[in-house]
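Reader: I have a new structure open and no idea where to start. Can you walk me through it?

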Amino acid sequence: MEAVSSSLSLTTVTLFLPMVGLTILLFMNEEKNRAAIKWVAFGFSIATFLASVLMWAAFDTGEAGLQLAQRFDWLPSYGISYFVGVDGLSLLLVLLTTFIMPLAILSSFRVHVLEERGREKLYYVFMLLLEWAMLGVFVVQDMIIFYIFWEITLVPMYFLIGIWGAENRVYAAVKFFLYTMAGSILMLLAILYVGGQAGTFAVPEIAAMVASGELVFPMSDIFSTQSVLFLGFLVAFAIKVPIFPLHSWLPDAHVQAPTAGSVILAGVLLKMGTYGIVRFCLPLFPEATVEWAPIIAGLGVIGIIYGAWVSFAQTDIKKLVAYSSVSHLGFVILGIFSLNPQGLQGATIQMVNHGISTGGLFLMVGMLYERRHTKSMSAYGGIWKALPLFGGISLIITLSSMGLPGLNSFVGEFMILLGAVGSNVLGIFFALFATLGVIMAAIYLLQMFQKVYMGELDKEENKNLPELHWQELAVLIPILIMIFWMGLQPNVFFDVMDASSQHLIAQMGESVPQILTMIP
Amino acid sequence: MESFAQLAPAIILFPAIGAFINFFWGARLGERNSAIIGTFASGMTFVIAFSLLLYLSNNGFRPAVINPPIFGSWISIDSINFDISWQTRVDTLSVTMMMFVTFVGTLIHIYAIGYMHGDPLFSRFFAYLNLFLTFMLILITGNNFLMMFVGWEGVGLCSYLLIGFWWDKPDGVGWNNSNAARKAFIANRIGDFGVLMAIFLIFWTFGTLDFYKPAETAVDYASVGHHGDEDHATEGEGTHEEGVAAEEGETAGEEAHGEEESHGEVAVPLYYYGTAGVELSQLGAFGQAEVLMVEYKSANEVVEAAEAVLADAQTEDDRAAAELGVDEAEAVAQDLRPNFDIGPFNLNIQTMLVLITLFMLLGATGKSAQIPLFVWLPDAMAGPTPVSALIHAATMVTAGVYMMVRSNAFFYHAELTSFLVTIVGATTAVVAGFIAIGQFDIKRVLAYSTVSQLGFMVAAVGIGAYPAAMFHMVTHAFFKALLFLGSGSVIHGMEHGHHHLHEHGHDDHGDHHDEHEEEFDPQDMRNMGGLRKKMPITYWTYLFGTLALAGIWPFAGFWSKDEILADSWLVGFADGELRGYIALGMLFIAAGFTAFYMWRQIEMVFHGEARHEAAKHAHESPPSMTIPLMILGFFSLTIGFINIPTPLSSIFSFFLSGLVGEHSLANFLEYSITHFHIPDFQPVIAIAALSMGLGAIFFARSIYGGTKAINKDGKDPLQASPSTGQVWALANKRMYWDEIYWAILINPFIRIGKFLANVIDWEFFHDYFHDKVLHRGFVTVGNLLSKPFDIGIIDGAVNGVGWVVGRISGGMRRVQTGYVRTYALALLLGVVIVIVLMLLPMIQN
Amino acid sequence: MVEIEAYVVLSMVLFTLGAMGVLFRKNAILVFMSVELMLNAANLALVAFARQWNAVDGHIFVFFVITVAAAEVAIGLALIVTIFRTKQSINIDDLHLMEG
């Protein structure tokens, strides 16, 4: 926090690059510059990505606190300020966002729904707006502005689903909007209360006050102030993640959204929930977190098994992948509430991994859909023979999602489960049941792979499908690179967040010494 | 020679490169080139394995831990000292595995050139084979559990890809193949669940996943005086007798010690701990387990000593004091015992080891196809035959046994698990042997035979005979690979014979023939018979394999099976342990089954007369297939000599000296296996086993010999006989194992899945809860608010204000005439009023 | 010298005439002229008081009023012409569009 300055930081540059692109897009003529529009959008998403890579380069991994921070007062009388900056946890998610975004935009180039429904300019404007809002959620350190960005993400996503979605798009869009909105209202109340008590809305400051005992939210039973505040935040995040019984909006939104929308939804938007838990619930309400951890982690474990089981029974590929998200994010929840470094770091790595693997799966489904215009698994069969290259890539992505060692998801799942076994907040049975989810992942994903790609190529319409276009390949190759990189050498990513997560655990340990006993 | 150890990472690299090239350029390279690349990569692994063997023998068998040059650590978190590296380990155990895996692997590559000739995905097949070798070698060479797990899952993946290699075959065959592949993967994943849990517990117990730390490798074995060949020459019967004697008279603590000494077992080597002044944290998981167990046992000794005092106590006072002493001792022991917090539980080291090994056992039952997870292996025969030989007979399926042997330090101390391991292994050996009798598919018989033989190895682990398990694994790799490749040659011959028939006989047979073609199964032994004349090389090599598997002297199987039986005899009769009796009894039965079903197969396939046109036209396979057969045949005869038990070795030594010594393999393995049995030759057991095998062969010959192998109805003689028909049917139906799983596990799983997805999630959560409760509830409340409340009160108030305003302005509008003069007059009046108001004060004044 | 009262009375008479003209005439031109009459009545009063008190302010004010009146005439006549064009009449009683 020493590094906070009011001069322009790289974080602000990265945050507002999509906005610059958006402004340029607004001044372009849709009819005349049809081709230029998408390349401008793509170009700015790439520029944002490069800027975030610069952030990574400028980031000092040994430093636990905020870096590249910038702050100036906005409404000083209320303690609200424009306060941005990254620590290890948020930097990873910023990188994930800026990595997924160009791929999502590039994958839209060849999507025929855009030609069918038109309004391409609006589409790319929403894409950049979404990127801006998501980056804002990850870099902003002021709760009020966080809340504003949090709500802004809804708007472009609502329209992306509602305008360019599938048959039931309006229903899905409204449902998506209302569910998330309903949760965030509670969060707003909690934010106002916390900010009022602390006299500032800057999260690092409040966290430090909580750790030093300067600010105390009473916690004696589950109806205490702290517990209620914790739940206020948690419900908003839990709907977004989604944690088990609140997941009902997810299959609708995913199935109805256009491919790029699903990719972003699964890749980044869901991570906002898990990120929020790590950023707000843990440091601000440590006692309540420990108190609630078994219940929330229990819901996470139920989600793992339930999501996998429901996924297994789907006939629609996209729905299958959507439910698999419930299962995979259950792991993240379990890791977070293990409340030890292994679990927490595993969870953060798994957030990134899930973005890549599930993003890849949605891209895969999208590419199949572009060719056959159906998402029903029974319409496929033997696709590997028709599209050998695509089949091979799909296999790798599927295996990655399944958590094959050597590929990315394994590292995260392994660390999470390792953390869960050793967590003295939870206990071995959580890990035992969660590990069953690893088996079930193999069951539903292999079944999907078998039904779609294996077997005889017996359907006439499947025989002459076109092989991957170079643009599609350009979308998939970065995903493959990340799958192998994070699977074989994940240390680079662990290094980024090591100090920050250590700091977080230590901070929580100030209030709840119990969790420090887990650290060797 | 020192630097040879540095080659260890290359053994993984070569097949990885081979796989890479064949994946991406294989199709363009053509069949010949991709075969050369694949086989070369595989051959290089053998060369490296051999140089590693040279390294070991020239460096006093000292293990080496090698960090690969580019990939350093894999997962490392600095703040909590968490570090898992890509680290390879060269020790006698891993080199033993490497040697036979790469050797058999290379032969199978060569064989596959002929077998897969003409397949459209030829290059991909070689890519998969190379990929498999990569993962298998990662599994073997890894120096930590997680790296082993990478290989473990990786070989499972390759097995999946290769079982389902022909997933696009028409008429539902491809679908069945991919089903078999999926089944294999999922069954393996259930095992992987166990391995993962074991890994987690190991980490939280020992704080590391490394097998051994570098500090341990640095110890020079020879200088510590741990090893010496003469130990084993002098130990043996004599020592064993002492052990039995010791058991009878002495105290409990010493009794345990005496047990360790029995039948040539080497005491726990703590050379690196204490002597070398090494900290506990500098030891790997196994070293720590040993040390902690010593602490645990010494804690127990305190209690035992106190209890002994209690037992000796005469007077009441002494008794009371002794009881107090026992309590105190318990308290002291509680502190001394190493305890671990696993989540909210606090468990001692013994319990931890039992838990860890139980989970490992689950893993081993998956990978090594033991009860209850063995059902995938027979189905895995859907893959091409070289795959069955390499993965599903010789190498991958032995990974479970390898893991248990590697973790012998854990299993040795976990007696409960060891007992269970014995039961699982022995039961599997018998059950699979029994089922094999009822099969007609040539590969399926071999598959069940593999399961049964793996049961032998697992049982050997259970009784603590780790070198014997390894020995059987090595010999089995050779003769079972030989048998599979032989069966592949037979199938190849049958297919060609059928092809031949098809080309020549089409005109003669017409429609009848076509009909026949659909039914023809080249793997069905009922269609074979009399192939001895057609395929002489295959026949003779197959016979070698059969005799080796049946355990007939002097073939390899005799030595290795005898070693296991001798060991279980010693554990049973000498140490009086139940698991020894169980293993001995059940494995004897299994050995009988083995000889029986193998000879049944010989009779059905090669003897008698051809029962199908295809068998009449079959011919010998090309040299690329028969040469590997001959090489493997040679080794099936001779590989057993690497581990000849003690007294016999002197008989052989005059013409084999230098090449083999007594118990060469076991002594070699001793450098990496801590806990040891090396049984001496047990003539009783050997003769009994041999006569069991020969008896079963003669029995099989009497039933199936000559032309009786299959009777006129196409039935097995046992099937036709009313006395054995029902039992045979049970074997033929595979004891309904799959059906039971479907009924009690898989169908409920599917049904629950559908229920959760359709009823709970969709109808309840999605439709009912969301649409009905939330959505309709919202609408209902909304309607309630809108009609009476909103329209009645809110609207009323607002409209009322509007109405009043309207009425007032309606009155006032008349003022506005629109005539200028009205406005001017108003203006004037206004002015006048203003003036009057201004002047009013003046007037008043 | 004429007394100031005379000027003021004349001014009052003229203003009253103008005011009556605005209120009672129907011809727009005449109404207009009546407005001019009122302005000039005011001018007269201004000039008379200026002379009485020996101050220039009144004279300057008159110049302004004359200027504004000229401008007013220009716009007013233009409006009347336009009204005549649309209504074919300059009778102000025909113009009551503002009626409420």
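Author: We can take the chain contacts, then a few single residues. One thing to keep in mind is that this is a predicted model.

Reader: Which chains have the most contacts between them?

Author: Two pairs of chains touch, and chains A and B have the most contacts. On that interface, 66 residues of chain B are in contact with 77 residues of chain A.

Reader: How much area is buried there?

Author: About 6100 Å² is buried between chain B and chain A, and carbon and sulfur atoms give 72% of it. On the chain B side, Trp167(B), Arg189(B) and Trp204(B) lose the most area to chain A, together 12% of what that side buries.

Reader: How many salt bridges does the rule find across it?

Author: One salt bridge is found across the interface of chain B and chain A. A salt bridge of 2.5 Å, N to O, joins the side chains of Lys385(A) and Asp168(B).

Reader: And how many residue pairs are in polar contact?

Author: The rule finds 25 such pairs across the interface of chain B and chain A, with both residues at pLDDT 80 or more.

Reader: Which parts of chain B supply the side that touches chain A?

Author: Several elements each supply at least two residues, including strands β2 (73-77) and β3 (82-85) and helices α3 (122-141) and α4 (145-163). The largest share comes from α5(B), with 16 residues. By residue kind, that side of chain B divides into 43 nonpolar, 12 polar and 11 charged.

Reader: OK, what about chain C? How many residues does its contact with chain B take?

Author: That contact takes 11 residues from chain C and 10 residues from chain B. The two chains bury about 1000 Å² between them, with 62% of it on carbon and sulfur atoms. Zero salt bridges are found across the interface of chain C and chain B, and the count of residue pairs in polar contact, both at pLDDT 80 or more, is also zero. The side of chain C that touches chain B has five nonpolar, two polar and four charged residues.

Reader: How far apart are the closest C-alpha atoms of chain A and chain C?

Author: They lie 45 Å apart, and no contact joins chain A and chain C.

Reader: Switching to the inside. How many residues has the largest nonpolar core?

Author: It has 465 residues, and those with the most contacts inside it are Phe233(A), Phe414(A), Phe145(B) and Phe410(B). Leaving aside neighbours within four places in sequence, Phe414(A) is in contact with residues of chain B, among them Ile75(B), Phe82(B), Leu196(B) and Phe200(B). Apart from the largest core lies another of 10 residues, including Ala19(C), Val31(C), Met38(C) and Ile92(C).

Reader: Back to Arg189(B). What polar contact joins its side chain to Glu153(B)?

Author: One of 2.8 Å. Glu153(B) is found in helix α4 of chain B. Beyond four places in sequence, Glu153(B) is in contact with Gly403(A), Leu404(A), Pro405(A), Arg189(B) and Asp192(B).

Reader: Why does Glu153(B) count as buried?

Author: Its relative accessible area is 2%, and buried means under 20%.

Reader: What does Val438(A) touch?

Author: Not counting residues up to four places away in sequence, Val438(A) touches Phe331(A), Glu413(A), Leu417(A), Arg189(B) and Leu196(B). Val438(A) is in helix α19 (residues 428-453) of chain A, and is buried, with a relative accessible area of 8%.

Reader: Where does Ser34(C) lie?

Author: In helix α2 (residues 28-53) of chain C. Ser34(C) counts as buried because its relative accessibility is 8%. Beyond four places in sequence, Ser34(C) touches Gly18(C), Gly21(C) and Val22(C).

Reader: How many residues of helix α7 of chain A are buried?

Author: Eight of its 11, so this helix (residues 154-164) is mostly covered. The buried residues of α7(A) include Leu154(A), Pro156(A), Met157(A) and Trp164(A).

Reader: Last one. How many helices and strands has chain B?

Author: Chain B has 35 helices and six strands. Of its 845 residues, 57% count as buried. Among contacts in chain B between residues at least 6 apart in sequence, 79% join residues at least 24 apart.

Note on methods
Residues are numbered from 1 along each chain as its sequence is written. Chains are lettered from A and ligands numbered from 1 in the order in which they are written. This is a predicted model: local features need pLDDT of at least 70, side-chain atom pairs count only at pLDDT 80 or more; totals for chains, interfaces and linings use all residues. Side-chain values use heavy atoms; hydrogens and water are left out. Contact means heavy atoms within 4.5 Å. Buried area is the accessible area (1.4 Å probe) that two parts lose on being put together, summed over both. A salt bridge is a side-chain nitrogen of Lys or Arg within 4 Å of a carboxyl oxygen of Asp or Glu. A polar contact is a pair of N or O atoms within 3.5 Å; within protein, one must be able to donate a hydrogen and the other to accept it, and residues adjacent in sequence count only if both atoms are side-chain atoms. Helices (H or I, at least four residues) and strands (E, at least two) are DSSP runs, numbered from the N terminus. Ala, Val, Leu, Ile, Met, Phe, Trp, Tyr, Cys and Pro count as nonpolar, Asp, Glu, Lys and Arg as charged, and the others, Gly among them, as polar. A nonpolar core is a set of buried Ala, Val, Leu, Ile, Met, Phe, Trp, Tyr and Cys residues joined through side-chain atoms within 4.5 Å. Buried means under 20% relative accessible area, exposed over 50%, partly exposed in between (1.4 Å probe, protein chains only).
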